[in-house]
Amino acid sequence: MLELECDMKKEMQDFMSRKLKFFMPDWSDLVNRDYNYVAEEPLSDVKVYSHEIYDHANFDGLLVSKIKLEQSGKNLEAIMNNGGIHQYLRYNGPVFGDNGAYSYIDEKTPPFTVPDLLNYYDRLGVDLGVSLDHIVTPKYEDDKHLRKDITIEAAGKFMDRHQDKGYEFVPIGSAQGWNKASYYESVEALIDANYKYIAIGGVSSATTKTIVGILKHLHPLIKDPDLDVHLFGVARIKSVRTFMEYGVTSLDSASMIRTAFKGWRKNYFDSSYQPYTAIRLPFASRVRSADFKALVSLGLTDAAHLGDWEADLYKMLFDYDKYGLYSAEEVTEALALFESAYIRTYENKRIDGYLKTLKEKPWKDCPCRICKEIGIEVLIFRGNNRNRRRGFHNAYVFYHLLQKVLDDPDFDVDAVDDDDDDDADLPSAGAFSDRFVEIADDVDDTEQLTLDDFF
Ligand SMILES: [Zn+2]
């Protein structure tokens, strides 16, 4: 136990000395350790996290949200019985506790208190914990001042009680706002409350220009090299150096994992972050009954036919990859026919993407363990074991690119194929995409913008 504590202390020291820390939000991202892709069955009940697949974790720390943990069906008692959050996640590195404010965005006030949250973090055993916050949203425009003030007041109480109780985790103060002035007021209050680590929330769908505009405005407050600054939900390779210039020291984002199975066309990234479309081959047995009835009424299939069709396509992909029995065009044509019948709602919009994926075979060039082990399977959009592994691969690519950006001043970020502000391919991130409009560089910092200017 003492050894584990020493390991964790060393991990934490290494972590704090890093110039930019990347946290991966944990959304119970597990796959079967052993899976037979042809038979479509797990070979054991053992499930693993990405950091148990790769030799090194593709992040500097994990971020756990109170709400996400509860949604996963693992309540605090179960995790405590399992020895705490590090044991639960089977991870020795830093764990960042977050209260999950998006989940109660529709509530007038947060559903728990500051002492509840502190106690929760302490019992969980997190290394860093963010203060209680309430997100400002255009949906409740009239409450914007109330929400900011709740967040500021909670942060003050959070720090006072953290000091009184002598909690060991690092307290992080959350700043919420809707324009430069309101973020400035929030950050100023956090610094007055003696926070050495602050987190800027509510900007995950803002453009890089908007975020930089806010950071520029905050610069007099956050330029202190002893102050750590986190940006919630923002990890953009091309902008990392700019964010750092303005004092940002940590980021988090799960978008590279989510887009593997939520993105329309951008599902897999190569080493220069060029996106590829994963090939949809859903399980025939899971076709929705309404879709199935429609297919039957069109005379396109019956139950047996659909199953055979799916099996033939899977074999075709396998033969294409392994033996080169078909051309990429032939496989794409077969997929297009299947897609037009089976996944009609998408109107074949992804077919060009399939052809590119099949022609360029990006899985063959990736040195990551997943691509080496499962090959073309990583690019087939089909079930958790392929889809989440594709997300793990994306996190591997992202983290390796990030290290290049950080370690090599000559590394040309413009060569990275990252769209940066383009979150439109990811519905979950796009939910708040209209929240901000760009703040032009020439906007007077003292100008008071209305909420409409931002949303
Ligand atoms: Zn890979």
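The following exchange examines selected features of a predicted model.

Visitor: What share of the residues in the chain score a pLDDT of at least 70?
Guide: The model is predicted, and its residues carry pLDDT scores that average 85 over the chain. In residues 421–455, pLDDT stays under 50. The share scoring at least 70 is 84%.

Visitor: How many helices and strands does the chain have, and what percentage of its residues are buried?
Guide: The chain has 19 helices and 16 strands. Among contacts between residues at least 6 apart in sequence, 71% join residues at least 24 apart. Of the 455 residues, the buried ones make up 38%.

Visitor: How far does helix 7 reach from its first C-alpha to its last?
Guide: Helix 7 spans residues 144–165 and has 22 residues. At 1.5 Å a residue, 32 Å would be expected. The reach in the model is close to that value, at 31 Å.

Visitor: Why are the buried residues of helix 7 on the same side?
Guide: The buried residues are R147, K148, T151, I152, A154, A155, F158 and H162. An α-helix has 3.6 residues a turn, so residues three or four places apart point the same way. The buried residues of helix 7 lie on the same side because they cover an arc around the axis of only 165°.

Visitor: Which exposed residues does helix 7 carry on the face turned away from its buried side?
Guide: The buried side of helix 7 is covered by elements that include helix 6 (114–124), strand 9 (170–175) and helix 8 (180–192). The face turned away from that side carries the exposed residues H145 and D164.

Visitor: Are helix 7 and helix 8 roughly parallel or roughly antiparallel?
Guide: Two packed helices are described by the angle between their axes and the distance between the axes. The axes of helix 7 and helix 8 come within 9 Å and cross at roughly 10°. Angles under 35 degrees count as roughly parallel. Helix 7 and helix 8 are therefore roughly parallel.

Visitor: Which residues in helix 8 do K148, T151, I152 and A155 meet?
Guide: K148, T151, I152 and A155 are among the buried residues of helix 7. Helix 8 is one of the elements covering the buried residues of that helix. The residues met in helix 8 are S182, S186, A189 and L190.

Visitor: Is S28 buried or partly exposed?
Guide: S28 lies in the loop between strand 1 (21–25) and strand 2 (31–32), and its phi is positive, near 50°. Most residues other than glycine have a negative phi, and most peptide bonds are trans. With 13 C-beta neighbours inside 10 Å, S28 counts as partly exposed.

Visitor: Is R90 buried or exposed?
Guide: R90 is not a glycine, although its phi is positive at about 50°. The loop that holds R90 runs between helix 5 (85–89) and strand 7 (95–98). Since 12 or fewer C-beta neighbours within 10 Å is the limit for an exposed residue, and R90 has 11, R90 is exposed.

Visitor: What distance separates the C-alpha atoms of I370 and I53?
Guide: I370 is found in helix 16 (residues 369–374) and is buried, with 23 other C-beta atoms within 10 Å. Leaving aside neighbours within four places in sequence, I370 is in contact with I53, V378, R389, F392 and H393. I370 and I53 are 317 residues apart along the chain, and the separation of their C-alpha atoms is 8.0 Å.

Notes: Residues numbered from 1 in each chain as written. Predicted model: local features only at pLDDT ≥ 70, side-chain atom pairs only at ≥ 80, totals over all residues. Helix = DSSP H or I, 4+ residues; strand = E, 2+ residues; numbered from the N terminus. Expected span 1.5 Å × (residues − 1). Buried ≥ 20, exposed ≤ 12 C-beta atoms within 10 Å, placed from the backbone. Arc of directions from axis to C-beta. Contact = placed C-beta atoms within 7 Å. pLDDT = per-residue confidence, 0-100. Axes fitted to C-alpha atoms, helices over the stretch in contact; angles between N-to-C directions. Parallel < 35°, antiparallel > 145°, perpendicular 65-115°, else oblique.
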